Amino acid sequence: MSSELFYQPITSLAAALDAKKLTSVELTQAVVARTKSVEPRVHAFNSFDEADALAQAAASDARRAAGQSRGALDGIPIGLKDVIAVTGQPLTASSKMLKNFVSPYDATVTEKLRRAGAVLWGRLNCDEFAMGSSTENSAFGPTGNPWDTSRVPGGSSGGSSAALAAGEAIATLGSDTGGSIRQPAALCGVVGLKPTYGLVSRFGLIAYASSLDQIGPFARTVEDAAIVLGAIAGHDERDSTSFKTDIPDYRAELTKRKGPWKLGIPKEYFAEGLDPEIGAAVEKAIAFYKSQGCEIREVSLPHTQYCLDTYYVIATAEASSNLGRYDGIRYGHRSTAAKDVVDLYFQSRAEGFGPEVKRRIILGTYVLSSGYYDAYYLRAQKVRTLIRQDFLNAFREVDALLTPTSPVPAFKIGEKADPLAMYLLDIYTIGVNLAGLPAISVPCGFTQSGLPIGAQLIGQPFQESNLLAIARSYEQGHDWSAKFPSL
Amino acid sequence: MSSAPQLDINHIAKLARLALTPEEKEKFSQQLGDVLHHIEQLAKVDVTGVEPTAHASPVFNVWQPDVARPGLAVVDALRNAPAQRENMVVVPKVVE
C-alpha cells in the first residue's frame, strides 16, 4: 500500500476526512500537485481548473466542519471524461470540432456528483467523440500509459484510466460504448465498471452510439466503484432510456452478498488471438474462484463471432446520425472557407472532424443508405437480438461470466495503424454493450514486462450488486491494486 | 448482401455532408472496403423470424406531460454560437 494521499482509495480518504485527520483542500492540493508533476509525461487531461477545484474542496471542508457531510464522496476529487458536461467548463470530446465549446449545463451524473459533494476535477482526454481503443484519436495528442508512457492507456476513456493509475484523481468517470471503460481499466491496472444500459442517465453525455453508450466509474477498488456507482445511478426523465428501478446501497450490499457463485466461462472468449500471458492470468482467476467453492461451468455464446460486425454496423449508423448535429451553425467549429450555407456544412465538418470520426460517419452513412439498410442495419439489429439471447440463455445456468477484458496488454503508441486491427481489440467487450449488460474489469496480474492485465466479469441486467460482490471476492484474495507505477 | 461490397465514396460523402480530399477518399475506400468485407459475414446468420433489437433497455413509449418548463437562457444558448447578432445565430445567406 502506498502512503501517498493520491494513491489512497475513497474509503480510506473518506475515513480520514471524517476523522478530521485530513481536509479536502489538503487532498485536492496533493492531487493537483501530482497532476502538475506527471502530466508532461502522461497527458491524461485536456484541461483542469485548479482554482475551481480548490473552491469546491473548501466548500466541502466547510460542510464537514458544520457536521453536514454528504457522505463518502464529499471532498473527493473525481475526474470526468471530456464527453460529460460540466457547467462553465470546456467540453471538447477531444475534437477540434468542439475545441472552444464551453458547456452551458451539467450532465445528470455531474449534478449527482455535486450533490454527493465530490470535487469535480479536470476534463480527461479520450479518443475523439469516444471513437477508438487507444486514446490516440484525440485531436489534442495521445495519453501515455502510466506503467509505460510509450504505450497507450487503452480507450476510448484512456485519460480516465491513466489519470487514476497515475494518482491524478481519486476516481474518474468514463463512458463505455464497446469497451471504452473496461479495456482502458485493464490496460492501466484499475477497476472499471460499465453499468447495465439504462441504469445511469446519459443526459449531458456527448452521444456516440446512443443505444450502446453508458457512463460508469473507474476506481482503485471494487468498493470505491460501488460508492461512485451509487452516486450516479438512478432514473432521470431527461433520458428516455433511463430505467425506473430502486438503487440499492451498492457498498452495503458488498458485504451482504456472499458466494459461492456459479460462474460461466464462455469458450468462445478463449480462442485464437488471446495473448498467452493474459490467458494464463485469467485461468488463475478461474482457479481462485474454484478454490473458493464456486461452481465453474463452460458455457457457449454461439454468436460471439458476429459481435464485432454487428457492433460496427450499429455503432457507426448511430454515430452518423448523432454527429449530424455538428454543422457549424449553432455551435462547434465553423469554416471560414465556405462559399454558401451548404458548403459551410461540408467544410466545417471536414475541418472539425479527425480521420477516425470521418471513417465512422462514412461507414454509418453507407449502412443506412438507400438499398443497404435491410442488408446491414436491420440485419445487424436482428443479430443483436441473437447475441443478447445467447447471454440471457447463459444466465439461466450461471450468475456471471468470467473472461479476459482485452486480448492484448497495452501496446506501443502508433503500433496499430490499421483500423480493422484496432477494432479487433474490442472482441471481448462489445457483446456486453450490444446486450445492454453490466460488466466490470478488475486487475488480475501483470505480464512479465510489468504491464497490467484485467479480467472481465459480466453480470445479469441490473444485478450490479451481485457483480460487484463477485468481483470483490476476487480482489480480496489478491493484492494487485497495491502495486503502483513508478512515474 | 453481395460478395463484393462497393462503397461509392463520393455519393456517401455527399450524403454525410462531408468534404473529403482525394487522399482521404482513396484511403477510406480501401480501409472501409476491408471493414465491409469483414461485415459481410453477417449474411451467414439465419435471422428468419428474429425481431430486431433497437436497444437493450426494457423501456418503451415514454410519455411526459406537455408542460412548458424553464430552459436555457438565451445568453447560455448562444454562448457557443460561432457568430451571433441581436440574440440570433448569424448564418450565411440562404435565400437570394
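Student: Before we begin, what counts as a polar contact within protein?

Tutor: Two residues are paired in this way when atoms of theirs, each N or O, come within 3.5 Å and one atom is able to donate a hydrogen while the other can accept it. Residues adjacent in sequence count only if both atoms are side-chain atoms. The term for such a pair of N or O atoms is a polar contact.

Student: With that in hand, how many residue pairs are in polar contact across the interface of domain 1 of chain A and domain 2 of chain A?

Tutor: This is a predicted model, and its chain A is divided into domain 1 (5-264 + 396-482) and domain 2 (305-382). While the count of salt bridges between domain 1 of chain A and domain 2 of chain A is zero, the residue pairs in polar contact across that interface, both at pLDDT 80 or more, number 13.

Student: Which helix of chain A gives the most residues to the side of domain 1 of chain A that touches domain 2 of chain A?

Tutor: At least two residues of that side come from each of two helices of chain A, helix 14 and helix 15. The one that gives the most, with three residues, is helix 15 of chain A.

Student: How much area do domain 1 of chain A and domain 2 of chain A bury between them?

Tutor: The C-alpha centres of domain 1 of chain A and domain 2 of chain A lie 27 Å apart, and the contact takes 26 residues from each of these domains. Of the area that domain 1 of chain A buries here, 31% is supplied by Met97(A), Tyr208(A) and Tyr423(A), more than by any other three residues. Carbon and sulfur atoms carry 67% of the area buried between the two domains, and the total is about 2400 Å².

Student: Turning to the two chains, which residues of chain A lose the most area to chain B?

Tutor: In the contact between the chains, 68 residues of chain A meet 56 residues of chain B, and the buried area is about 5200 Å², with 69% given by carbon and sulfur atoms. Together, 13% of what the side of chain A buries comes from the three that lose the most, namely Phe346(A), Ile362(A) and Arg379(A).

Student: Which residue of chain A meets Arg69(B) in a salt bridge?

Tutor: Between chain A and chain B the count is two salt bridges. In one of them, with N to O at 2.6 Å, the side chain of Arg69(B) meets that of Glu237(A).

Technical notes. Residues numbered from 1 in each chain as written. Chains lettered and ligands numbered in written order. Predicted model: local features only at pLDDT ≥ 70, side-chain atom pairs only at ≥ 80, totals over all residues. Heavy atoms only, no water. Contact = heavy atoms within 4.5 Å. Buried area = accessible area lost by both parts, 1.4 Å probe. Salt bridge = Lys/Arg side-chain N within 4 Å of Asp/Glu carboxyl O. Domains from an automatic or database assignment. Helix = DSSP H or I, 4+ residues; strand = E, 2+ residues; numbered from the N terminus.
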